[in-house]
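Trainee: I've never looked at this one before. Could you take me through it, starting with a word I'll need?

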Amino acid sequence: MANAQKVTITVSTKGQVILPSAIRHRRDWGAGTRLLVEETADGVLLKPAPVFAETQPNEVFASLPYKGKPKTIEEMDAGVLAEARRRHARR
């Protein structure tokens, strides 16, 4: 964003700031959007918070039990492709 527009905003007595609507619209940050606040050497960075907490494979392994013969990589790829085609066809 080389041509970033500079806007001055004010911190309220409660520590709140209002982001300009143009920025919120460009970022698709509606009411209730959760943001991560990261302090950097250049200032403060706002990023959308992940919907789900970061996990490791061992934390979720076998969380959805499956009975049956394990699927091959090819079968999994075909299933993902079929679902993508089904979702795209709805549009």
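Mentor: Sure: a residue is buried under 20% relative accessible area, exposed over 50%, and partly exposed in between, using a 1.4 Å probe and protein chains only. This is a predicted model, so local features need pLDDT of at least 70 and side-chain atom pairs count only at pLDDT 80 or more, while totals for chains, interfaces and linings use all residues. Residues are numbered from 1 along each chain as its sequence is written, and side-chain values use heavy atoms, leaving out hydrogens and water.

Trainee: In what order do the elements run from the N terminus on?

Mentor: Helices (H or I, at least four residues) and strands (E, at least two) are DSSP runs, numbered from the N terminus. The protein chain has 3 helices and 2 strands. Read from the N terminus on, their order is α-β-β-α-α.

Trainee: What radius of gyration does the protein chain have?

Mentor: The radius is taken over C-alpha atoms, and the globule rule is 2.2 Å times the number of residues to the power 0.38. The C-alpha atoms fill a box of roughly 60 × 35 × 25 Å along the principal axes. A compact globule of 91 residues would come out near 12 Å, but the protein chain has 21 Å.

Trainee: How many of its residues count as buried, as a percentage?

Mentor: Start with the outside: the accessible surface of the protein chain is about 9,200 Å² (Shrake-Rupley method, 1.4 Å probe; for residues, only the protein chains shown count as cover). Carbon and sulfur atoms account for 56% of that surface. Of the 91 residues, the share that counts as buried is 2%.

Trainee: What share of the contacts between residues at least 6 apart joins residues at least 24 apart?

Mentor: A contact means heavy atoms within 4.5 Å. For one pair along the chain, take Ala22, found in helix H1, and Glu54: they are 32 residues apart, and their C-alpha atoms are separated by 30 Å. Across the protein chain, among contacts between residues at least 6 apart in sequence, the share joining residues at least 24 apart is 9%.

Trainee: Now the strands. Which residue in E2 does Glu39 stand opposite?

Mentor: Strands pair if DSSP finds at least two bridges between them. Strand E1 (residues 35-40) and strand E2 (residues 43-48) pair in the antiparallel sense over 6 bridges, and they form a hairpin with 2 residues between them. Opposite Glu39 in E2 stands Val44.

Trainee: And Ala41: buried or exposed?

Mentor: Ala41 is found in the loop between E1 and E2. Its C-alpha atom is separated by 24 Å from that of Arg24, 17 residues away along the chain. With a relative accessibility of 86%, Ala41 counts as exposed.

Trainee: Which residue does Lys47 form a salt bridge with?

Mentor: A salt bridge is a side-chain nitrogen of Lys or Arg within 4 Å of a carboxyl oxygen of Asp or Glu. Lys47 is partly exposed at 35% relative accessible area, and its partner is partly exposed too, at 34%. The closest N and O atoms are 3.3 Å apart, and the partner is Glu38.

Trainee: How many salt bridges does the whole structure have?

Mentor: Besides the Lys47 bridge, Glu83 meets Arg86 at 2.5 Å, N to O, and Arg87 meets Glu83 at 2.8 Å. Those residues, Glu83, Arg86 and Arg87, are linked in a network. A search of the whole structure gives a total of 3.

Trainee: Why are Glu83 and Arg86 about one helical turn apart, and in which helix?

Mentor: Glu83 is partly exposed at 27%, as are Arg86 at 41% and Arg87 at 48%. Arg87 is 4 residues from Glu83, also about one turn. Glu83 and Arg86 are separated by about one helical turn because they sit 3 residues apart in residues 73-89, helix H3.

Trainee: Last one: how much accessible area does the nonpolar surface patch have together?

Mentor: Patch residues have over 30% relative accessible area and no salt bridge; like charges are joined within 9 Å, nonpolar side chains (Val, Leu, Ile, Met, Phe, Trp, Tyr) within 5 Å. Ile9, in the segment before helix H1 (21-27), is partly exposed at 39%. Together, Val7, Ile9, Val11 and Val17 have about 320 Å².
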